[in-house]
Amino acid sequence: MDAKRVTLFSGHYGSGKTNVALNYAIYLKEKGEDVEIYDMDIVNPYFRTLDGKDMLDKHGIPLVVSDYANTNVDVPAMNSGAYRMIHDKSKLAVVDVGGDDRGALALGRFEKALKEEGNFDMLLVINKYRFETQNAQDTLEIMREIEYACGIPFTGIVNDSNLGKETTAKTVLNSLDFANEVSKLTGLPIKFTCVERGLYDELKNKINNLVPIDVIHYGVWC
């Protein structure tokens, strides 16, 4: 996967975007890239990227997160360090955008700068097995709401369809038609399909652009 300088992951609540973002940042670091990860969910900062901080620390990946993350204070405050994502072009930035249109509002303040630089991917993380996104039309509606809220267009799709701990190879295979339909409706390419590392060998010859990921926390994965 060729990385843009800024890679943003967004999607419906529970799609697994946080877990995907964490794994992608680790993937870039293991390739030798200088990378930081930004948690931009200022709507509900109780349980987000901070839950993977130990894993990020192990790989030497800085995390920029709201000062109120993992507390019982629900305050929509963004860490001032988030602006480093725009100003420090020497590092790659992986961004976990808040779920749905409400969560994506915070990203809007970076719209102009991201478009001017023109070196970003905005990836829609989809999960066929979430109740609100079981069909392509519903997923498309959520995608449009997010784009409208932040003003930044999606550039690709990540298929992260799963059933948490109950996910099997068949679960992933049964999501491919759904992902392809979303791709057809939106005109966006499927950048990659995620699968828990233990299922990778079983599926690697059956799915294009399959990426093995670690489930850092099942609360994020499902």
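**Figure 1. Threonine 193 sits in strand β7.** The model shown here and in the other views is predicted. Threonine 193 has a relative accessibility of 4% and therefore counts as buried, the cut-off being 20%. Leaving out residues up to four places away in sequence, threonine 193 touches Asn159, Val172, Ile207, Asn209, Leu210 and Val211. One of these partners, valine 172, is 21 residues away from threonine 193 in sequence. The C-alpha atoms of threonine 193 and valine 172 are 8.7 Å apart.

**Figure 2. Asparagine 209 occupies the loop between α9 and β8.** Helix α9 spans 200-203, and strand β8 spans 210-213. Asparagine 209 is not a glycine, yet its phi is positive, at about 55°. Asparagine 209 is also one of the residues touched by threonine 193.

**Figure 3. Alanine 169 belongs to helix α7.** The helix covers residues 169-173. Alanine 169 is buried because its relative accessibility, 9%, falls under the 20% cut-off. Beyond residues up to four places away in sequence, alanine 169 touches Leu199, Glu202 and Leu203. Glutamate 202 and alanine 169 are 33 residues apart in sequence. From C-alpha to C-alpha, this pair is 7.1 Å apart in space.

**Figure 4. Helix α8 carries buried residues.** The helix runs over residues 176-186. Phe178, Ala179, Val182 and Ser183 are buried. Viewed down the axis of α8, these buried residues fall within an arc of 140°, so they line one face of the helix. Asp177 and Lys184 are exposed on the other side of α8. The buried residues of α8 pack against strands β5 (120-126), β6 and β7 (190-196), and against helix α6 (136-150). Glycine 187 comes just after α8 and takes a positive phi of about 75°.

**Figure 5. Helices α6 and α8 cross at roughly 50°.** Their axes come within 9 Å. The two helices are therefore oblique to each other. The crossing is right-handed. On the α6 side, the contact is made by Ala136, Gln137, Thr139, Leu140 and Met143. On the α8 side, Phe178, Glu181, Val182, Leu185 and Thr186 take part. Phe178 and Val182 are also listed among the buried residues of α8.

**Figure 6. Alanine 21 lies in helix α1.** This helix spans residues 17-30. Alanine 21 has 0% relative accessibility, so it counts as buried. Aside from neighbours within four places in sequence, alanine 21 is in contact with Phe9, Ile37, Val94 and Asp96. Valine 97 and alanine 21 are 76 residues apart in sequence. Their C-alpha atoms are 9.4 Å apart in space.

**Figure 7. Tyrosine 13 lies in the loop between β1 and α1.** Strand β1 covers 6-11. Tyrosine 13 has a relative accessible area of 27% and is partly exposed, because that value lies between the cut-offs of 20% and 50%. Along the chain, tyrosine 13 and arginine 130 are 117 residues apart. In space, 8.8 Å separates their C-alpha atoms.

**Figure 8. Confidence varies among the elements of the predicted model.** The mean pLDDT of the protein is 86. A pLDDT of 70 or more is reached by 85% of its residues. Strand β6 (residues 156-159) has the highest mean pLDDT among the elements, 98. Helix α10 (residues 218-221) has the lowest, 41. Over residues 218-222 the pLDDT is below 50, and the model has 20 contacts for this stretch beyond near neighbours in sequence. Residues 67-76 also stay under 50 in pLDDT. For residues 67-76 the model has 23 contacts beyond four places in sequence.

**Figure 9. The whole protein contains ten helices and eight strands.** The protein has 222 residues, and 50% of them count as buried. Among contacts with a separation of 6 or more, 76% are between residues 24 or more positions apart.

Definitions and conventions. Residues numbered from 1 in each chain as written. Predicted model: local features only at pLDDT ≥ 70, side-chain atom pairs only at ≥ 80, totals over all residues. Heavy atoms only, no water. pLDDT = per-residue confidence, 0-100. Helix = DSSP H or I, 4+ residues; strand = E, 2+ residues; numbered from the N terminus. Contact = heavy atoms within 4.5 Å. Buried < 20%, exposed > 50% of the residue type's maximum accessible area, 1.4 Å probe, protein only. Arc of directions from axis to C-beta. Axes fitted to C-alpha atoms, helices over the stretch in contact; angles between N-to-C directions. Parallel < 35°, antiparallel > 145°, perpendicular 65-115°, else oblique. Left-handed = near helix turned anticlockwise from the far one by under 90°.
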